[in-house]
Amino acid sequence: MFLEFDHAKTEYPHSIFNMPAAQDDEFYMQLALTEARRGIGLTSPNPAVGAVLVKAGVVIGAGYHHQAGSPHAEIEALRDAAVKGNDAHGATAYVTLEPCSTQGRTGACTKALIEAGITEVVYGAQDPNPAHAGAADTVLHQAGIRVKCGVLQNGCEQLLRPFAKWITTGLPYVIAKAGQSLDGRLTRPFGEPQWITSEAARAHAMKLRVRCDAIMVGAETVRQDNPKLTLRGEGIPAAKQQPWRVVISRSGKLPKDAQLFTDEHRERTIVLEGERTFPEILRELAARNITSVQLEGGGNLMGQAFATKSVDEVCWYIAPRICGGGTLSVGAISFTDRAQSVTLSEVSHEIIGDNICVSGYPVWDQ
């Protein structure tokens, strides 16, 4: 379930695939999903989208959306085909998201597909924007192009979750991430080293940061840990801008020499002072065009996020350590209606050395 970017260029075999027709669509949509993952974390506020063009069983072009304002995945795939000397006329386009049918910062993809002579469009997920959902079907049908939707729909919609939350609610998508001991602590006893989880687990978590526009922590985390909250290490996409670093502080009293205020990315630090509910915090971030947030503590802020049912995804790293004290990973959750634990759906587990990563999506009772 852990959505990880993959920027390696995919090479496709230029030969006919002798596969039953019922399997062809899923096979090629999986290739489109592979393309889409290359754009994870780079396209905000747009979603990550991938496309491949297939003609007579041969992949003749492939592409993905690189960043907002740049050509969409369908256009990239058409350009790729042209560069390789392949004629897209008569081809089938496989796209992870319903092609756009309106003029924005870029032209409508439906128009480009029609002009290229595409004869069939297969897409995975419908546009989550209510104003545009299903519009491509009408445009393409009127041009005589066959349309099929819902192929590998779950996988395609998983890529769209942050965009779907933002476009339908106007609020950022929230990933709650923590690294804790077996007894649920974020901090080790006084005098011991800072880290609870392993170096390998922390490198794994760094890739999670790539997906987000902002990283959020509470004031006490800044006072106690003096974190960098930056992207670093191997494999970070060069095109990824450093996320905003958001600090929530009632008093605003923070160490002036903290790395967040003195390093080369200090202009990317936001401090929100005063009393705020977690939904109010999210609205303020949305006003700054932040569409996705990774919440990394502390425990009280994490508790507020869960108490207000603001968390969309959970990624929890657990180390084989007993601390016997320290900060709880989630502060007391006080629901307004009744006590309630939080269940995760679509749960996955990943072993990282002697640590384990548990991830999933909270199921909130309505």
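Two strands pair if DSSP finds at least two bridges between them. With that in hand, let's walk through this predicted model.

Q: In what order do the 8 strands of the open sheet lie?
A: The 8 strands form an open sheet, and their pairing is mixed. Neighbouring strands in this sheet are turned by 20 degrees against each other on average, direction ignored. Reading across, the order is β9-β8-β7-β10-β6-β11-β13-β12.

Q: Which are the edge strands of this sheet?
A: Look at the two ends of the order β9-β8-β7-β10-β6-β11-β13-β12. An edge strand here pairs on one side only. That description fits β9 (269-273) and β12 (343-352).

Q: What is the bridge partner of Val174 in β10?
A: Start with the two strands: β6 and β10 run parallel, joined by 4 bridges. One of the residues to look at is Val174, whose partner in β10 is Val293.

Q: Which helix packs on the sheet, touching β6, β12 and β13?
A: The helix spans residues 153-169, and β13 covers 355-363. Its direction makes about 115 degrees with that of β6. This is helix α5.

Q: How many salt bridges does the model have?
A: To count, a side-chain nitrogen of Lys or Arg must lie within 4 Å of a carboxyl oxygen of Asp or Glu. Glu284 and Arg276 meet this way, at 2.3 Å from N to O. By this rule the count comes to 14.

Q: Why does the salt bridge between Lys148 and Asp25 tie together parts far along the sequence, and how many residues apart are they?
A: The closest N and O atoms of Lys148 and Asp25 are 2.7 Å apart. Lys148 lies in strand β5 (residues 146-149) and Asp25 in helix α1 (residues 21-37), so the pair ties together parts that are 123 residues apart in sequence.

Q: Is Asp25 buried or exposed?
A: Buried means under 20% relative accessible area. Its salt-bridge partner Lys148 is partly exposed, at 38%. Asp25 has a relative accessible area of 12%, so Asp25 is buried.

Q: Which residues are linked with Lys177 in a network of salt bridges?
A: Glu296 forms a salt bridge with Lys177, their closest N and O atoms being 4.0 Å apart. Glu296 sits in the loop between β10 (292-295) and α10 (299-307), while Lys177 is in strand β6 (residues 173-180), 119 residues apart. Both Glu296 and Lys177 are buried. The residues linked with Lys177 in the network are Arg209 and Glu296.

How values were computed: Residues are numbered from 1 along each chain as its sequence is written. This is a predicted model: local features need pLDDT of at least 70, side-chain atom pairs count only at pLDDT 80 or more; totals for chains, interfaces and linings use all residues. Side-chain values use heavy atoms; hydrogens and water are left out. Buried means under 20% relative accessible area, exposed over 50%, partly exposed in between (1.4 Å probe, protein chains only). Axes are lines fitted to C-alpha atoms, for helices over the stretch in contact, and angles run from 0 to 180 degrees between N-to-C directions. Contact means heavy atoms within 4.5 Å.
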